[in-house]
Each structure stands twice: as C-alpha cells, then as structure tokens.
Amino acid sequence: QEQADNAAAAQQASEAQAAAAGVLSEGDAAFAKGDYTSALAYYTTALQKYTQLEDEAQAAALAVKIAATEEKIAAQQALSAEGEGYLSLAEAAYLEKSYVQAKKYYLLARDVYARMQNEDKVAEIARKMELVELGISAEEAARKAEEEGEPLETEPPEQESQVPEEPAEGE
C-alpha cells in the first residue's frame, strides 16, 4: 500500500511539474510574440504552480521573467500614450485645415505604432493620411489657381472668384 501511495504521489508531482512547465512555455511563446499581457498572466500562473511544488529555482527564474515582462508592458503603455498624443495633434491640425502639420503628426504616430507592431493602428493612420493628402492637393490646386488667376485681372470678376472656390469645396 505504501509503495502505491508513493507511486501515486510521484505521479501527481510529475503531472504538476509538467503542467507548470506547460504554462511557463505558453508564457515564453506569448512573450516572444510581443503579447506581454498574456505572458504576464502565464508567468504568474506558472509562479503559483512552482511555488506549490516548492521549486525555488524556477520560482526565482519566473520572478525575473515577470519583472522583465512588466517592464515591457510599461514601455508599451508609454509608446501607446506617445502615439495617442501624436494622433490627437494630427487630428486637431486636420480640423484646422493645417494639412502639412497633420501629415507630420500622423507620420510620427505611424512610426510609434509600427515600433509597437500595432498593424491595425498603422493601417488606420494610413487611411487618415490619404485624407490629409487630398487636403494638401486641394490646397496646392487652390494656390496654383490663385497664382495663375492673379495676372488675369482683365477677366470678368465672376470667373476669377470661381477658380479658387472649386478646389475649396473639395476640402
């Protein structure tokens, strides 16, 4: 009976060790993908399992991994805040029809989100930049029409006023 109990206990310990190792492996995979929130959850669960198993070496190694993961999360949050700041500036500039400024801030935001590997935000910014480019094109067309219209002061006033107004409606 004692041997059976020892064998069962050894089997349980082996299964618990394998479960902890599996959770740790999932954490490592999530970390490698840049999914630091999931990695932190896996590492915390693995730490609990290794603590129950009284495996101090694994628990210490996990404490280091958890600290590194928390640093990555903080860095991502800082980058996210930076990106959101640039987006706010870009959108304010766009609303003021300051398209060149808007483009500058959208480019800065895009670079931040690209570093974060946030492809959804990069694509969203690309769509917004298309609108900015249309605004810049309309401004250039209006400016060119005004420049071309200035030496033609002998034309009837209605034609002069129509030239700059057409591009302004497209903005």
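**Figure 1. Residue classes in the lining of the largest pocket of this predicted model.** Sorted by class, the lining of the largest pocket comprises 4 nonpolar, 3 polar and 3 charged residues. The lining residues to look for are Lys 33, Gly 34, Tyr 36, Lys 72, Ala 75, Gln 76, Leu 79, Arg 115, Met 116 and Gln 117. Helix α3, residues 56-95, is the top contributor to this lining, giving 4 residues. The volume of the pocket comes to about 170 Å³.

**Figure 2. Helix α3 from end to end.** Here you can follow the 40 residues of α3 along their length. At 1.5 Å a residue, the helix should span 58 Å, and the C-alpha atoms at its ends are indeed 58 Å apart, so the expected and computed spans agree. Past the helix comes Lys 97, which has a positive phi, near 60°.

**Figure 3. The buried residues of α3 and what covers them.** Which residues of α3 are buried? They are Ala 59, Leu 62, Ile 66, Thr 69, Ile 73, Gly 83, Leu 87, Ala 90 and Ala 93. Their cover includes α1 (2-33), α2 (36-52), α4 (99-115) and α5 (119-149).

**Figure 4. A salt bridge between Arg 115 and Glu 82.** The structure has 8 salt bridges, and this view shows the one that pairs Arg 115 with Glu 82. Their closest N and O atoms lie 3.7 Å apart. Arg 115 belongs to helix α4 and Glu 82 to helix α3, so the pair ties together parts that are 33 residues apart in sequence. How accessible are the two partners, Arg 115 and Glu 82? Arg 115 has 53% relative accessibility and therefore counts as exposed, while Glu 82 is partly exposed, with a relative accessible area of 32%. Arg 115 may look familiar, since the lining of the largest pocket includes this residue.

**Figure 5. Glu 124 and its salt-bridge partners in helix α5.** Start with Glu 124 and Lys 121, which form a salt bridge with the closest N and O atoms 3.8 Å apart. These two residues are 3 apart in helix α5, so about one helical turn separates them. Now turn to Lys 128, which forms a salt bridge with Glu 124; here the closest N and O atoms are 3.3 Å apart. Lys 128 and Glu 124 are 4 residues apart in helix α5, which means that about one helical turn lies between them. As a reminder, an α-helix has 3.6 residues a turn, so residues three or four places apart point the same way. Glu 124 is partly exposed, at a relative accessible area of 23%, and Lys 128 also counts as partly exposed, at 22% relative accessibility. Through shared partners, salt bridges join Glu 84, Glu 91, Lys 121, Glu 124 and Lys 128 into one network.

**Figure 6. Gln 101 and Leu 89.** Gln 101 is found in helix α4. Is Gln 101 buried or exposed? At 31% relative accessibility, Gln 101 falls into the partly exposed class. Leu 89 is 12 residues from Gln 101 along the chain, and the C-alpha atoms of the two are separated by 8.6 Å.

How values were computed: Residues numbered from 1 in each chain as written. Predicted model: local features only at pLDDT ≥ 70, side-chain atom pairs only at ≥ 80, totals over all residues. Heavy atoms only, no water. 1 Å grid on protein atoms, 1.4 Å probe; cavity = no way out; pocket = protein on both sides within 12 Å on 5 of 7 lines; lining within 4 Å. Points joined across faces, edges and corners; volume = space filled by probe spheres on them. Nonpolar A, V, L, I, M, F, W, Y, C, P; charged D, E, K, R; others polar. Expected span 1.5 Å × (residues − 1). Buried < 20%, exposed > 50% of the residue type's maximum accessible area, 1.4 Å probe, protein only. Contact = heavy atoms within 4.5 Å. Salt bridge = Lys/Arg side-chain N within 4 Å of Asp/Glu carboxyl O.
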